Amino acid sequence: MITRRDAAQRLDIPVQMAARHGLPTTLTEAQLRDIEDRPPPWLVQSRAGRTGTRPVWVDLVCSVCGSTERVRPKKWWPTFTLVSCADHHRGDLDPPAPGDGREEVLGVGSRFVGWVDTPQD
Ligand SMILES: [Zn+2]
């Protein structure tokens with residue numbers, strides 16, 4: 001069985017949209033493949049309307065241990081130089097380039113922090 005959340009990720013749409021258009025809370029692989037093969041009009045429209053905009057899902061990849069989480073990107077996120085699990089120490093990360101300062105952004109995904117390196121003058 002595939003959960004609605006997993007189905008939304010596969011279809012690259014928000015979970016709320018999947019729910020609004022009647023995707024059940026769990027689907028079989030065959031049901032999902034059917035939707036992928038013959039996308040309903042709302043899905044075609046959603047994909048067409050999104051060209052060139054932010055991705056619906058992004059993969060956060062910890063730069064220390066490589067663990068990943070697939071999440072919806074937030075509007076307030078800056079462009080991260082690195083992301084890492086929240087439980088690593090700052091010293092576990094590759095240091096910023098000489099002359100760059102590093103800022104920490106808390107609360108990225110369920111267990112990540114983002115790091116933004118910017119040149120200091
Ligand atoms: Zn990690």
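## Overall architecture

Read from one end of the sequence to the other, the chain runs β-α-α-β-α-α-β-β-β-β-β. That adds up to 4 helices and 7 strands. Please keep in mind while you look around that this is a predicted model. The average pLDDT of the chain is 90, and 96% of the residues score at least 70. Confidence is highest in strand β5 (residues 82–85), with a mean of 96, and lowest in helix α4 (residues 41–49), with a mean of 80.

## Shape, surface and charge

Let us turn to the overall dimensions. The C-alpha trace spans about 55 × 30 × 20 Å along its principal axes. The radius of gyration is 18 Å, whereas a compact globule of 121 residues would have one near 14 Å. A pair of residues gives a feel for these distances: S84 and P41 are 43 residues apart along the chain, and their C-alpha atoms are separated by 39 Å.

Of the 121 residues, 33% are buried. The chain exposes about 7600 Å², and carbon and sulfur atoms supply 53% of that area. There are 16 positive and 16 negative charges, and the mean positions of the two sets lie 10 Å apart. As for how the chain meets itself, take the contacts between residues at least 6 apart in sequence: 46% of them join residues at least 24 apart.

## Helix α1 and the residue after it

Helix α1 (4–11) has four residues to look for in the interior: A7, A8, Q9 and L11 are its buried residues. Their cover includes β1 (2–3), α2, β2, α3 (29–37), α4 and β4 (68–71). Q9 is worth a closer look. This residue of helix α1 counts as buried because its relative accessibility is 16%, under the 20% cut-off. Setting aside residues up to four places away in sequence, Q9 touches W57 and R70.

Right after α1 comes D12, with a positive phi near 60°. Most residues other than glycine have a negative phi. D12 sits in the loop between α1 and α2. With a relative accessibility of 30%, D12 counts as partly exposed, since that class lies between the 20% and 50% cut-offs.

## T25, between α2 and β2

Further along, T25 belongs to the loop that links α2 (15–20) to β2 (26–27). Is T25 buried or exposed? T25 is exposed, because its relative accessibility of 55% is over the 50% cut-off.

T25 also has partners from an earlier part of the sequence: beyond residues up to four places away, it touches I2, T3 and R4. R5 is 20 residues from T25 along the chain, and the two C-alpha atoms are separated by 8.1 Å.

## S84 and L93

Now to strand β5, which holds S84. S84 counts as buried because its relative accessibility is 1%. Which residues surround S84, leaving aside those within four places in sequence? Its contacts are C62, S63, V64, L93, R111, F112, V113 and W115.

One of those contacts, L93, lies in the loop between β5 and β6. Although L93 is a loop residue, it counts as buried, because its relative accessibility is 7%. Beyond its neighbours within four places in sequence, L93 is in contact with S63, V64, L82, S84, R102 and W115. S63, V64 and W115 therefore appear in the contact lists of both S84 and L93, where contact means heavy atoms within 4.5 Å. For L93 and L82, 11 residues apart in sequence, the C-alpha to C-alpha distance is 8.6 Å.

## R111, between β6 and β7

R111 is another contact of S84. R111 is placed in the loop between β6 (100–108) and β7 (112–119). This residue counts as partly exposed because its relative accessibility is 35%.

Neighbours within four places in sequence aside, R111 is in contact with S67, T68, E69, S84, C85 and A86. What distance separates the C-alpha atoms of R111 and A86, 25 residues apart along the chain? They are separated by 5.6 Å.

Conventions: Residues numbered from 1 in each chain as written. Predicted model: local features only at pLDDT ≥ 70, side-chain atom pairs only at ≥ 80, totals over all residues. Heavy atoms only, no water. Helix = DSSP H or I, 4+ residues; strand = E, 2+ residues; numbered from the N terminus. Buried < 20%, exposed > 50% of the residue type's maximum accessible area, 1.4 Å probe, protein only. Rg over C-alpha atoms; globule rule 2.2 N^0.38 Å. Areas by Shrake-Rupley, 256 points an atom, 1.4 Å probe, with all protein chains shown as cover. Lys, Arg positive; Asp, Glu negative; His and termini not counted. Charge placed at Lys NZ, Arg CZ, Asp CG, Glu CD. pLDDT = per-residue confidence, 0-100.
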